[in-house]
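Could you open the structure in your viewer and keep the selection tool handy? We will take a short walk through it, one stop at a time.

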Amino acid sequence: MICEQDSEQIKIIKNVISNYRFKHIIPKQNGNIFQQIINQKPSILIFNENFNNNSGTEFLNKLRTHPVTENIPVIFISNKMNLLKDYNEFSSD
């Protein structure tokens, strides 16, 4: 599942994951993204921190503490320089 608002970035990510035969899902940006993730149960989640208003640390914590989503690998995209410092508890993603 690709949670990205930039159409050019989406194209690049789709090209990369298509090489690995992943089907891609682009959720609705203004919808309930967490519910969409639970319903779809993606193999991997590529997530831009700016995708919606609830995309920061709280969202990652919610993903990691829910039994359906706790083991989904997450590639978290951010423009913050100190990402590991800010998200150290999620550094395994």
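Here is a tour of selections to make, with a note on what you will find at each. Keep in mind that this is a predicted model.

**Stop 1: the main core**

Begin by selecting Cys-3, Ile-33, Ile-37, Leu-45, Phe-47, Phe-59 and Leu-63. These belong to the largest nonpolar core, which has 15 residues, and they are the members that touch the most others in it. Now colour the elements that supply two or more residues to this core: helix H2 (33-40), strand E2 (45-48), helix H3 (57-65) and strand E3 (74-77). Which helix gives the largest share? That is H2, with four residues.

Next, centre the view on Ile-33. Leaving aside residues up to four places away in sequence, Ile-33 touches Met-1, Cys-3, Pro-27, Phe-47, Phe-51, Asn-52 and Phe-59.

**Stop 2: where two helices meet**

Show H2 and H3 together. Their axes come within 12 Å and cross at roughly 25 degrees. Angles under 35 degrees count as roughly parallel, so H2 is roughly parallel to H3. The crossing of H2 past H3 is right-handed. To see the contact itself, show side chains for Ile-33, Phe-34 and Ile-37 on H2, then for Phe-59, Lys-62 and Leu-63 on H3. You have already met Ile-33, Ile-37, Phe-59 and Leu-63 at the first stop, among the core residues that touch the most other members.

**Stop 3: an unusual backbone angle**

Move along to the loop between H2 and E2, and pick Lys-41 there. What is the phi of Lys-41? The angle is positive, about 45 degrees, although Lys-41 is not a glycine. For context, most residues other than glycine have a negative phi. Turn on the surface and you will find Lys-41 exposed, with a relative accessible area of 55%.

**Stop 4: the second core**

Now select Ile-2, Ile-10, Ile-13 and Ile-17. They are included in a core of five residues, separate from the one at the first stop.

**Stop 5: a salt bridge on H1**

Finish by selecting Lys-11 and Glu-8. These two form a salt bridge, and their closest N and O atoms are 3.6 Å apart. The count for the model is one salt bridge. Why are the partners separated by about one helical turn? Because Lys-11 and Glu-8 lie three residues apart in helix H1 (residues 7-18). Lys-11 is partly exposed at 47% relative accessibility, and Glu-8 is also partly exposed, with a relative accessible area of 47%.

Notes: Residues numbered from 1 in each chain as written. Predicted model: local features only at pLDDT ≥ 70, side-chain atom pairs only at ≥ 80, totals over all residues. Heavy atoms only, no water. Salt bridge = Lys/Arg side-chain N within 4 Å of Asp/Glu carboxyl O. Buried < 20%, exposed > 50% of the residue type's maximum accessible area, 1.4 Å probe, protein only. Core = buried A, V, L, I, M, F, W, Y, C linked by side-chain atoms within 4.5 Å. Contact = heavy atoms within 4.5 Å. Axes fitted to C-alpha atoms, helices over the stretch in contact; angles between N-to-C directions. Parallel < 35°, antiparallel > 145°, perpendicular 65-115°, else oblique. Left-handed = near helix turned anticlockwise from the far one by under 90°.
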